[in-house]
Amino acid sequence: MNCEEAATLIHAHADGELDLAHALEVDRHLSECAACAERAKQVGDVRAAIGGANLRFVAPPQLHLRIRAALPVTVEPTPIVPRFRWHFLAAAAALAAAFLLIARPWAETWWQSRTVDRFAQEVVSNHVRSLLADHLLDVASEDKHTVKPWFAGRLDFAPQVMDLKDHDFPLVGGRLDVLDGRSVAALVYKHGKHVINLFVCPATRPAKESTSMAEQRRGTTYQGFHIVKWMEAGLEYVAVSDLNEIELRQFADLIHEKAKTGN
């Protein structure tokens with residue numbers, strides 16, 4: 001380290017701001033250079049003088065009293081609380097409670113409707129996407145004994161695969177799909193030139209025992225596609241197609257009967 005470099009670090013060295021490596025270099029240079037050592041001593045003397053001198057002016061107590069006496073006297077106004085304040089708050093609370101009672105059924109209905117619309121949109125989107133080239137089937141077979149084992153190890157449940165060719169709804173295969181954030185089995189059937197996607201996955205909630213199977217099979221229409229949804233035996237079924245609603249419900253009834261008998 002030369003004198004020019006040391007000169008830029010002397011003040012930081014005196015204040016203890018250097019890291020260990022630079023502090024040792026400055027110390028080594030000061031031990032070898034009398035001029036820089038003298039400069040460092042001057043810096044240290046000034047620092048000690050500043051730190052030891054009483055440079056702060058302390059005002060006498062009389063000055064404090066004179067300043068306080070010269071200030072104008074201020075009186076804090078007493079807040080005025082209207083007498084009707086609590087009555088107003090009570091009325092507002094009652095009005096809010098009445099509004100919630102009136103609005104809650106509408107809000108629940110609106111939310112359920114929005115949820116159904118989003119689900120129907122996703123079902124139809126999956127169905128339309130499956131009709132694109134090379135996306136309809138992962139396993140192509142009319143044999144349920146070929147399609148059902150294909151899902152083993154790919155899903156954490158075993159979907160029932162029904163053969164409906166005797167009812168003009170032949171099985172053509174299956175694939176893996178995702179619906180409502182869950183992995184599902186997509187069983188593909190045909191009726192004439194119409195494709196039917198039957199999505200199957202474990203039910204997230206049990207079906208109501210007091211509800212008949214016909215009532216459970218809820219139907220809806222979205223962008224010209226019909227959707228029938230129901231639950232049974234711990235599984236959730238969603239059938240979607242551009243078939244008319246009557247034929248799609250007939251398909252759902254056949255799936256239900258086959259699932260019930262285990263054929």
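Which residue's side chain meets that of Glu236 in a salt bridge, with 3.8 Å from N to O? Work through the exercises below to find out. The model is predicted.

**Exercise 1. Find the partner of Glu236 at 3.8 Å and say whether each residue of the pair is buried or exposed.**

Step 1. Look at the side chain of Glu236. It meets the side chain of Lys229 in a salt bridge, at 3.8 Å from N to O.

Step 2. Check the cut-off. A salt bridge needs the nitrogen within 4 Å of the carboxyl oxygen. The pair Glu236 and Lys229, at 3.8 Å, qualifies.

Step 3. Check the cover. Glu236 is buried, and Lys229 is buried too. For Glu236 the relative accessibility is 4%. Buried means under 20%, so Glu236 counts as buried.

**Exercise 2. Show which parts of the chain the salt bridge between Arg182 and Glu236 ties together.**

Step 1. Take the distance. The closest N and O atoms of Arg182 and Glu236 are 3.5 Å apart.

Step 2. Place both residues. Arg182 lies in strand β3 (residues 182-191), and Glu236 lies in strand β7 (residues 235-241), so the pair ties together parts that are 54 residues apart in sequence.

Step 3. Judge the exposure of Arg182. Its relative accessibility is 21%, so Arg182 counts as partly exposed.

**Exercise 3. Explain how Glu245 and Arg249 are placed along helix α8.**

Step 1. Find the link. The side chains of Glu245 and Arg249 form a salt bridge, at 3.3 Å from N to O.

Step 2. Use the helix. Both residues sit in helix α8 (residues 245-261), four residues apart, so about one helical turn separates them.

Step 3. Compare with the cut-offs. Glu245 has a relative accessible area of 35%, so it is partly exposed. Arg249 has 27%, so Arg249 is partly exposed as well.

Step 4. Turn to a network. Arg129, Arg175 and Asp177 are joined into one by salt bridges that share partners. Across the whole structure, a search finds seven salt bridges.

**Exercise 4. Describe the surroundings of His127.**

Step 1. Locate His127. It is in helix α5 (residues 85-130).

Step 2. Read its accessibility. The value is 1%, so His127 counts as buried.

Step 3. List its contacts, leaving out residues up to four places away in sequence. His127 touches Val195, Asn197, Phe225, Val240, Ser241 and Asp242.

**Exercise 5. Name the residues of the nonpolar surface patch of about 260 Å².**

Step 1. Name them. Leu63, Ile67 and Leu71 make the patch.

Step 2. Place Leu63. It is found in helix α4 (residues 61-70).

Step 3. Test Leu63. Its relative accessible area is 34%, so Leu63 is partly exposed.

How values were computed:
Residues are numbered from 1 along each chain as its sequence is written. This is a predicted model: local features need pLDDT of at least 70, side-chain atom pairs count only at pLDDT 80 or more; totals for chains, interfaces and linings use all residues. Side-chain values use heavy atoms; hydrogens and water are left out. Patches are made of residues with over 30% relative accessible area and no salt bridge: like charges are joined within 9 Å, nonpolar side chains (Val, Leu, Ile, Met, Phe, Trp, Tyr) within 5 Å. Accessible areas come from the Shrake-Rupley method with a 1.4 Å probe; for residues, only the protein chains shown count as cover. Helices (H or I, at least four residues) and strands (E, at least two) are DSSP runs, numbered from the N terminus. Buried means under 20% relative accessible area, exposed over 50%, partly exposed in between (1.4 Å probe, protein chains only). Contact means heavy atoms within 4.5 Å.
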